[in-house]
Amino acid sequence: MTPSGPPVLECTELSKSYGTVAALRGVSLTLRAGEVRALLGMNGAGKSTLVNLVCGSQQPDSGTIRVDGAQARWGNPGEARDGGIAVVHQEFSLVPGLSVAENITLGRWPRTGRLGLIDSRALDHQARTALEMLGESLPLGRDVARLPIAQQQIVEIAKALLAEPRVLILDEPTSALNATEVDALIALLRRLAGQGVAIIYVSHRMTEIPQVADTLTVLRDGREVRTFGVEEATPQAVAALIGGGAADDGVRATHAEASELDSRPVVLAVRGGRMPSVLDQVDLELREGEVLGIAGLLGSGRTELLEGIYGIRKDLAGSVKVRGRAARRRSPRSMLRRGVGMTPEDRKGSGIVPMLGVGENLLLSARGRVIRSVWVKHTIEAVIARATITKLSIATSSGAQSIDTLSGGNQQKAVIGRLLAAKMTVLLLDEPTRGIDVHAKAQIYSLIRELSAAGVASVFVSSELGELSEVCDRVLVLRDGRVVEQLTGSEATTERLLTLAMQEGRP
Amino acid sequence: MTSPTTTTEATTPSTSPHPLAAMAGRLRSWDGIGLFLVLVVLYVALSFASPMFLTLDNQLNILQQAAFFGIVAFAMTLVIVSGEIDISVGSMAALSSSLLGVLVVNVGLPMWVACLTVLVSAGSVGAFAGWVRAAFGVPTFIATLALYLALRGLAQLLTNNFPLPIDSDKFFYWGSGRLFGVIPVAAVYLVVVFAVIAVVARKTVFGRSVYAVGGNARSAELSGIPVRRVRIAVMAISGVAAAITGLLLSAQLASGNSTIANGLEFDAIAATIIGGAALSGGKGTLLGTLIGVVFIAALLNGMVLIGVNPYAQQVVRGAVVLVAVMVNVARYRNARGTA
């Protein structure tokens with residue numbers, strides 16, 4: 001099944017570092033015409049870096065890229081596109097308000113004669129040709145925002161095909177699609193491969209891989225672990241390669257014993273949590289001082305669950321109790337009053353207030369709660385800010401330093417610190433270690449454990465499964481909006497979590 | 001001017017050195033120092049251009065003139081820092097003046113009751129605009145654009161577009177008289193309103209919340225700050241400030257008048273922008289706006305003294321605002337880029 005023939009894309013010994021962090025270390029990859037290569041790995045394994053280098057968004061520190069035997073060196077994605085590389089990113093780049101045809105030909109609208117008006121006939125023709133390559137027909141004049149997601153995905157791919165690429169890269173193309181749509185997409189990609197387009201397919205979903213890919217490459221810690229034919233790949237073997245097993249050796253002795261945990265009072269309970277087409281009968285119980293992990297892939301409903309509990313989303317049905325008392329009509333304000341705080345996944349967009357100092361960022365929730373006054377109490381605030389900065393070892397010159405000058409890890413610590421300064425006893429932490437360096441991650445793990453020893457309970461959501469086993473007393477595995485398994489901290493090895501999270505509910 | 005830090009607004013470190021040294025340090029890192037120098041240059045230039053300019057009498061005139069848009073500009077600073085805008089202030093001032101005329105002349109209410117009614121009404125209309133923003137997500141630009149038209153129309157409707165003469169020496173004194181025969185009363189209001197809003201912005205939880213909402217509303221919401229209430233409150237404050245201006249103008253003209261305060265929104269927003277507030281929200285100081293207010297008032301006064309063609313004056317005003325915005329944006333981008 002593996003196509004043979006001249007290689008279309010040859011990457012040799014590609015390396016890339018960001019500051020002191022090596023994101024990619026000497027990765028080589030060869031792709032032949034008509035080959036579909038699945039690219040797998042955990043977050044931070046180097047998948048996106050590799051994609052970014054190939055599509056010209058970033059330049060490698062060392063190593064070469066060849067397309068059809070000719071060495072390529074791209075300054076930007078536009079040059080890569082002209083060089084035969086097209087990418088469909090996970091986040092769509094469609095312009096709502098423009099038609100399907102206008103979106104497919106975006107940036108390359110054909111013009112007529114001297115006046116430079118848009119030649120709508122040529123435009124429609126180009127768009128139709130691109131769609132025909134996919135064997136699809138869509139209403140060309142329809143506003144793209146009014147198409148269902150699956151068809152928007154097709155518009156994205158058609159847009160990528162307009163430049164007649166030799167290599168097409170798809171980053172998590174199925175994360176927003178349902179089962180039937182996934183099947184249709186896979187059939188479409190096989191058809192494209194049949195026309196000689198080489199495809200790189202980045203995905204987490206194990207069941208899709210054998211259907212779509214010829215070969216697969218597993219990355220871990222910026223290195224290539226193994227490349228092999230898809231027929232040799234079993235889900236267990238692949239999960240083991242992705243996880244690497246090494247991370248599971250250091251299971252902490254601090255984990256609470258299950259029997260001991262059960263004797264503690266429940267601080268947060270969700271019964272029959274439902275959210276239309278997101279969550280289905282989710283039960284959750286968090287005990288005093290417990291660290292409860294939630295494992296799940298993107299789209300499994302983990303963020304929605306936290307947002308529902310915290311009252312950001314109002315469509316979580318079912319009962320939520322804080323220390324045994326029903327919490328109805330929830331909002332961030334009412335939850336903070338009950339001692340429950342949340343740190344959002346999107347640190348820049350929803351966590352920090354970039355124009356304020358670190359000190360003010362730390363005190364946003366404490367004001368009016370811990371410090372009950374209409375006036376800003378500078379002295380008390382300074383004391384609290386300094387104590388929090390010291391406790392969390394936030395690297396800042398003082399509370400006055402502007403928070404957007406800090407590193408991501410220190411910003412994250414400040415966002416957690418905001419809840420501690422407001423004396424929260426239940427923390428909902430959504431991806432607290434996303435995009436921060438290893439050292440800061442370790443600091444956040446030990447902070448959460450320390451807080452746990454002091455009686456503060458946390459719900460810890462992470463897509464880096466390795467860290468769940470390190471930090472959590474128990475782990476819930478969430479898949480397609482359901483709790484599929486509950487493991488104790490020591491049972492929750494990366495491999496086991498990965499296997500559980502990746503299996504698919506459908507037969 | 002290039003310093004990205006916002007030391008002036010941050011929590012005071014408790015290891016305080018000598019107060020004077022601390023003040024000097026603040027001054028050095030103060031964003032508005034460049035603006036202050038520009039103001040100094042303008043003063044020097046104008047005093048050379050006209051010997052009249054730097055006299056005490058003229059400076060007091062400038063302060064009185066400044067009061068007519070400065071009070072609104074201070075409230076506007078809160079509005080803009082919170083990420084909103086209020087372009088209905090001119091119409092709101094006209095409506096306030098007309099309403100006062102009707103209440104005093106036609107209804108015969110005592111002056112102080114009428115004034116209080118006007119202030120409360122204006123605050124309510126402002127709060128309404130804030131509520132439309134907070135509850136329906138209608139941008140305040142649109143909401144206050146609608147009010148810009150509607151309130152002016154309402155003012156004209158109330159008065160039939162004729163001035164309603166208000167015959168009261170007391171009212172005249174409290175609006176455009178001079179304390180001890182020297183200091184314009186309006187200037188006193190200007191200073192008082194500045195002090196109050198500056199303290200609110202710096203020293204109250206509400207004031208700091210305005211900055212948090214403008215800097216990142218989502219984050220503020222998740223941190224438990226009542227974002228809706230903050231938005232409603234700043235718009236209400238802006239309405240009240242416009243009403244104060246309307247009352248001052250009524251006193252000066254001794255009538256309730258629906259044609260006053262045309263272009264008030266321009267001078268108020270211009271002063272705020274010149275003072276360094278970011279239209280995107282989260283950034284701006286009252287001290288900066290104060291300098292912006294004095295700058296505009298001095299510029300207008302100076303141009304009249306020199307005898308600049310009134311049409312040319314408008315061109316200059318427009319150009320000044322454009323340059324101020326360009327400088328602000330460039331400065332902000334630099335600060336971001338180095339971060």
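**Helix packing, sheets and chain contact in a predicted two-chain model**

In the predicted model, helix α2 of chain B passes helix α13 of chain B in a left-handed crossing, a crossing being left-handed if the near helix is turned anticlockwise from the far one by less than a right angle, and right-handed if clockwise. Helices (H or I, at least four residues) and strands (E, at least two) are DSSP runs, numbered from the N terminus. Residues are numbered from 1 along each chain as its sequence is written, with chains lettered from A and ligands numbered from 1 in the order in which they are written. Because the model is predicted, local features need pLDDT of at least 70 and side-chain atom pairs count only at pLDDT 80 or more, whereas totals for chains, interfaces and linings use all residues.

The axes of α2(B) (residues 33-49) and α13(B) (residues 286-306) come within 10 Å and cross at roughly 15°; axes are lines fitted to C-alpha atoms, for helices over the stretch in contact, and angles run from 0 to 180 degrees between N-to-C directions. The two helices are therefore roughly parallel, where angles under 35 degrees count as roughly parallel, over 145 as roughly antiparallel, 65 to 115 as roughly perpendicular and the rest as oblique. Residues are in contact if their C-beta atoms, placed from the backbone, lie within 7 Å. On α2(B) the contact includes Leu35(B), Phe36(B) and Leu39(B), and among its residues on α13(B) are Ile291(B), Val294(B) and Phe295(B). The residues of this contact comprise 13 nonpolar, 2 polar and no charged; Ala, Val, Leu, Ile, Met, Phe, Trp, Tyr, Cys and Pro count as nonpolar, Asp, Glu, Lys and Arg as charged, and the others, Gly among them, as polar.

A second helix pair in chain B is formed by α3(B) (residues 56-81) and α11(B) (residues 227-253), whose axes come within 8 Å and cross at roughly 180°. This crossing angle makes α3(B) roughly antiparallel to α11(B). Contributors to the contact include Phe68(B), Ile71(B) and Phe74(B) of α3(B), together with Ile237(B), Ala241(B) and Leu248(B) of α11(B). By class, 17 nonpolar, 2 polar and no charged residues take part in the contact of α3(B) with α11(B).

In chain A, an open sheet of 4 strands follows the order β2-β1-β4-β5, with antiparallel pairing; two strands pair if DSSP finds at least two bridges between them. Its edge strands, β2(A) (21-32) and β5(A) (70-72), each pair on one side only. Neighbouring strands of this sheet are turned by 25° against each other on average, direction ignored. Strands β4(A) (residues 62-67) and β5(A) are joined by 3 bridges, and Ile65(A) has Ala72(A) as its bridge partner in β5(A). Helix α1(A) (residues 47-54) lies across β1(A) (7-18), β2(A) and β4(A), at about 120° to β1(A).

Another open sheet of 4 strands in chain A has the order β14-β13-β16-β17, again with antiparallel pairing. Strands β14(A) (279-287) and β17(A) (325-326) stand at the edges with a single partner strand each, so one side of each is left without a neighbour in the sheet. Between β13(A) (residues 266-275) and β16(A) (residues 317-322) there are 5 bridges.

The contact between the chains takes 29 residues from chain B and 35 residues from chain A. Chain B has a mean pLDDT (the predictor's confidence in each residue, from 0 to 100) of 89. The model scores ipTM 0.78 and pTM 0.78.

Terms used: Contact = placed C-beta atoms within 7 Å.
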